[in-house]
Amino acid sequence: MRYLYLLLFIFTTLSAVAQTVEGNPSGYVQGSVYDSITKDPIPFVTVRLLNEADSSYIKGVATNEKGNFKLSVTTGKYILEASFLGYKRFLQNFNISTQNPGYSFGNIYLVENTIQLKDAIVEAKVPDILVKGDTIEYNATSYKSQESDMLQDIIKNMPGVEIDAQGNISANGKPVKKILVDGKEFFGNDIPMALANLPANMIKKLQLYKEESETAKVTGFKDKDPDQVLNLVVKEELKQSIFGEVKAGYGSDDRYANKAIINYMRNDNQVSLVGEMSNTNDNGYPMGMDNGIEKNKNLGANIYLQPSEKIRVGGSIRYANNDNLMETKTNTQTFLSSGDRFSKQDASYRSKRENANLGMNLQWKPDSLTTIFARSYISLNNTKNIQSSTNLSYVAEKDTTSGYSNSQSKGDGYNINNFVTIGRKLNDKGRTVSFTFNNSIRKDNSKGTNYSQTTYSEGKDDKIIDQQNKTDNNTSNYTLSLSYVEPLGKDHRLQFAYSYGVNNSERMRDVRKKDGAGNYTILDTAYARNTENRYVNQNISLNFQTTKEKYNYTIGLSIDPSYSRSKVSIADSIIENLKQNVINFSPTLNFSYQPNDHTNLDISYSGSTSQPGITQLSADTVIVSALSKYYGNPNLKPSYSNNFNVYYRKSDYASNRYMMLSGGFNYTFNNIVDYTLIDDLGNSTNTYRNVSGNMGANINFIFNTPLRNKKFTIDNSTYANYYKNIGYTNGEEAKTHNIVLSEKVSGKFKVDKLETRLELGMTYNITKNNLSNVQDRNTSNYNIQHSVLWKLPYDFSIQNFLNMTYYAGYGNDFKKKEILWNASVSKLFLKKKRGTLKVEFYDILNDRNNLSRYVSSNYMSDSRTNSINRYFMFSFSYKFNIIKSKGKSNDGDIDELEYN
């Protein structure tokens with residue numbers, strides 16, 4: 001808790017300092033929005049200010065009750081966008097200069113957006129999915145069911161978007177790196193925090209796009225491979241209010257789920273407070289995100305302030321306490337030319353972790369030519385782990401080998417990261433220069449015990465390992481980057497970039513075994529090691545970029561020299577002292593074509609270098625279990641991967657149809673792979689080698705369309721993936737070919753009082769290996785899922801979820817099927833229906849079955865993980881939403897208003 005108090009004090013102090021910063025905006029834009037027919041003012045119209053160069057979002061506001069708006073802006077070229085449901089979008093360019101700092105649009109008249117069908121006029125429905133340039137926009141209302149839904153409940157129904165067991169989001173096969181709220185970070189890149197705590201009813205739409213780095217933002221030169229982010233656009237009526245939710249729940253088997261979130265929004269300022277205490281893995285999911293059984297305590301605050309047009313300050317502080325128990329049952333088949341070896345393991349892992357972190361970020365424009373981005377992150381942690389396992393290993397018609405292991409450890413550490421980018425415009429034609437510095441310092445200390453016993457059935461003596469160990473890890477790195485952009489005419493630019501990075505790491509592992517008196521005093525030289533590594537990476541790149549109205553492209557070439565040194569020692573004795581130099585060349589190509597507002601084609605190629613990790617280089621032998629150990633390879637070279645991707649997206653506003661077709665291919669040189677030696681008794685020793693030839697390919701197709709009356713919607717998702725993995729087993733090259741085919745079709749029917757969804761899915765996994773004589777390793781998963789929400793009179797609701805899965809091709813130790821049935825009954829009450837009483841039933845048939853398959857070059861494994869099974873829970877939740885009263889606007893006082 002001392003970490004929490006310290007970080008809370010720092011965060012409060014920095015926030016107070018940020019609020020005292022003052023600045024004077026250099027201009028403004030204003031206007032009034034009316035209906036073109038009735039001439040009545042339209043309140044709550046979304047008014048957005050966009051950058052004229054790339055249409056990126058800068059800021060926004062909603063019109064007041066009189067239809068008026070006013071935005072403060074700096075000098076520059078902009079696009080004003082005004083949009084409201086049922087009306088055609090208004091767009092117009094304008095300029096702000098020092099000579100003309102104010103711009104008035106006067107009266108803006110929005111035209112109704114209707115479609116004529118013979119003698120009837122049908123109001124235009126907002127599409128479920130809409131493509132806007134390089135942005136995919138999801139209508140939140142189409143994927144939200146209940147008032148109690150959270151962000152994760154929306155995402156689980158969005159085509160092409162998936163959430164894995166750890167809460168990571170992937171969209172169209174690419175990871176989503178962070179979640180933004182109106183373009184502002186929410187608890188940094190803590191995606192699970194956002195998924196579980198942001199209420200769905202605050203979200204108007206979800207925007208999926210690639211966010212340019214800070215360097216790209218200050219230079220205007222697009223990144224080669226920007227991060228994919230998910231931006232949540234908040235409903236305009238909530239942007240001048242305090243809103244949130246509190247929830248308390250208690251159920252059978254002493255299950256509980258309590259949480260609270262409070263949000264304050266005022267123009268571009270945001271503050272969020274989050275608290276949670278639960279032991280139900282409370283993520284609102286009927287499927288997925290199972291990581292054993294957890295107890296969680298979380299307390300955090302997220303803040304974003306804009307004291308002036310020149311400065312924006314954001315940050316977050318969080319304290320988390322997690323207690324997790326994971327039990328796994330795993331069957332592994334190792335591919336051997338002499339006959340495959342089969343292993344079975346039952347493992348239990350208990351982890352207690354306490355973590356406190358503080359993050360701050362700053363955007364400052366001291367003048368119209370200079371932009372500064374800065375961010376800092378501090379994390380403190382301590383952990384306690386207990387792990388035990390039993391193992392059984394055998395080859396057909398041969399004796400078996402069994403083992404038992406138990407290890408315990410506790411440790412603490414900290415992580416500090418700093419980043420700053422300074423960009424400067426040298427003229428008004430696009431000449432820019434930027435400088436970036438980032439560094440990090442990480443320290444982790446742990447100590448514990450390790451015991452294992454291996455029993456052989458051939459009369460060989462048992463093997464016992466009994467150790468105490470202490471490990472200290474220290475890592476520090478820094479990178480300096482410089483970028484210069486020279487415009488070549490109106491549409492062309494040339495960029496020269498250089499970066500120099502240094503990474504130093506040290507690992508000191510002291511391992512002791514028992515002496516004659518039973519004390520751990522003897523140095524175990526087989527496992528004790530001190531390892532020092534140093535990497536120096538440079539990048540020299542030249543890139544050419546063209547930007548036209550309907551297309552843009554970037555062509556570049558990078559030279560990547562790298563140097564590495566690894567020294568391994570015991571006490572004062574040096575065992576190894578290795579050095580190596582590698583030079584890689586990285587050509588890049590990015591092409592984007594946008595023939596109209598709702599169609600986009602992206603083609604990209606990139607190459608990248610990855611350095612081996614400290615454990616992969618260190619000769620330090622690590623005991624994994626009674627039957628397994630591994631050590632690193634100091635001779636490893638950096639790997640170099642080539643990636644080629646194509647994306648095509650199209651939506652039609654009138655028909656509400658959306659289609660996405662994508663494909664990718666990757667090939668890796670010097671890929672770091674496992675090199676495994678297995679003796680006749682099943683003892684395995686694992687290390688690493690470089691190999692070229694590992695590759696992968698994928699094709700994805702997504703289609704979404706409503707039927708004619710727009711009440712029925714059909715979704716289709718098709719995925720095909722191919723992987724070639726090369727490794728080594730007992731000195732022989734092992735090649736595994738893996739094909740994964742997946743098809744999912746769903747239909748949704750939605751009216752005011754009833755929503756139902758039926759989904760059919762199938763996944764087929766094919767695995768072939770050149771060393772194995774056993775060829776039937778194919779698995780199939782068949783899935784039928786149905787959900788229904790029925791809103792009854794007197795504000796009652798019934799929700800039912802049924803998922804049936806059949807598993808084919810797995811080992812006989814695993815269940816072949818699963819029927820997961822969840823149901824709930826809820827009642828809205830209190831003033832404006834802000835309160836909800838709910839009774840929920842989870843896994844009614846007590847039939848949960850979490851199966852997964854992993855395939856590598858020399859083995860494949862099937863695993864089942866424990867989860868929370870059948871229980872019920874009563875809960876009460878209360879939502880509140882208050883608009884600030886008697887606040888000054890551009891048009892005078894606003895009376896107090898409240899919304900549900």
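**Exercise 1. How many bridges pair β5 with strand β6, and in which sense do the two strands run?**

Step 1. Some ground rules before the solution. You're working with a predicted model, where local features need pLDDT of at least 70, side-chain atom pairs count only at pLDDT 80 or more, and totals for chains, interfaces and linings use all residues. Residues are numbered from 1 along each chain as its sequence is written, and side-chain values use heavy atoms, with hydrogens and water left out.

Step 2. Fix the terms. Strands (E, at least two residues) and helices (H or I, at least four) are DSSP runs, numbered from the N terminus. Two strands pair if DSSP finds at least two bridges between them.

Step 3. Read off the pair: β5 and β6 (residues 90–96) are antiparallel, with seven bridges. One pair of opposite residues is Ile79 and Asn93 in β6.

Step 4. Check the turn. Six residues lie between the strands of the β5 and β6 hairpin, and Gly86 has a positive phi near 90° there.

**Exercise 2. Place β5 in its sheet, and work out which strands stand at the edges.**

Step 1. Get the order. The sheet is open and has four strands, β3-β2-β5-β6, with antiparallel pairing. As a reminder, strands of a sheet pair through backbone hydrogen bonds, either parallel or antiparallel.

Step 2. Find the edges: β3 (57–62) and β6 each pair on one side only.

Step 3. Look at the twist. On average, neighbouring strands of this sheet are turned by 25° against each other, direction ignored; the axes are lines fitted to C-alpha atoms, for helices over the stretch in contact, with angles from 0 to 180 degrees between N-to-C directions.

Step 4. Now take the other partner of β5. Strand β2 (residues 46–51) runs antiparallel to β5, and six bridges join them. In that pairing Arg48 faces Glu81 in β5, and Asn51 is opposite Tyr78 in β5.

Step 5. Finish with burial, where buried means under 20% relative accessible area, exposed over 50%, and partly exposed in between (1.4 Å probe, protein chains only). Of the eight residues in β5 (residues 76–83), six are buried.

**Exercise 3. Do the same for the sheet that holds β1.**

Step 1. The order here is β4-β1-β7, an open sheet of three strands with mixed pairing.

Step 2. β4 (68–73) and β7 (102–110) each have a single partner strand, so one side of each lacks a neighbour in the sheet.

Step 3. The average turn between neighbouring strands of this sheet is 15°, direction ignored.

Step 4. Zoom in on one pairing: β1 (residues 27–35) and β4 are antiparallel over six bridges, and Gly27 has Val73 in β4 as its bridge partner.

**Exercise 4. Which residues touch the most other members of the largest nonpolar core?**

Step 1. Set the rule: a nonpolar core is a set of buried Ala, Val, Leu, Ile, Met, Phe, Trp, Tyr and Cys residues joined through side-chain atoms within 4.5 Å.

Step 2. The largest core has 42 residues, and Leu151, Ile155 and Leu206 touch the most other members. Helix α3 (residues 191–197) gives the most to this core, namely four residues.

Step 3. Unpack Leu206. Using contact as heavy atoms within 4.5 Å, and skipping neighbours within four places in sequence, its contacts include Leu151, Ile154, Ile155, Met158 and Leu230.

Step 4. Don't miss the other core, which lies apart from this one and has 20 residues, among them Val47, Val61, Tyr87 and Ile96.

**Exercise 5. Trace the salt bridges of Arg757.**

Step 1. The criterion is a side-chain nitrogen of Lys or Arg within 4 Å of a carboxyl oxygen of Asp or Glu. By this rule there are 28 salt bridges.

Step 2. Take Asp715 as a partner: the closest N and O atoms are 3.9 Å apart. This pair links distant parts of the chain, with Asp715 in strand β41 (residues 712–729) and Arg757 in strand β43 (residues 754–769), 42 residues apart.

Step 3. Then take Glu759, where the closest N and O atoms are 3.8 Å apart.

Step 4. Check burial. Arg757 counts as buried because its relative accessibility is 12%, and Glu759 is buried at 10%. Asp715 is buried too.

Step 5. For contrast, try Lys735 and Glu733, a salt bridge with its closest N and O atoms 3.8 Å apart. Lys735 is partly exposed at 30% relative accessible area, and Glu733 is partly exposed at 33%.
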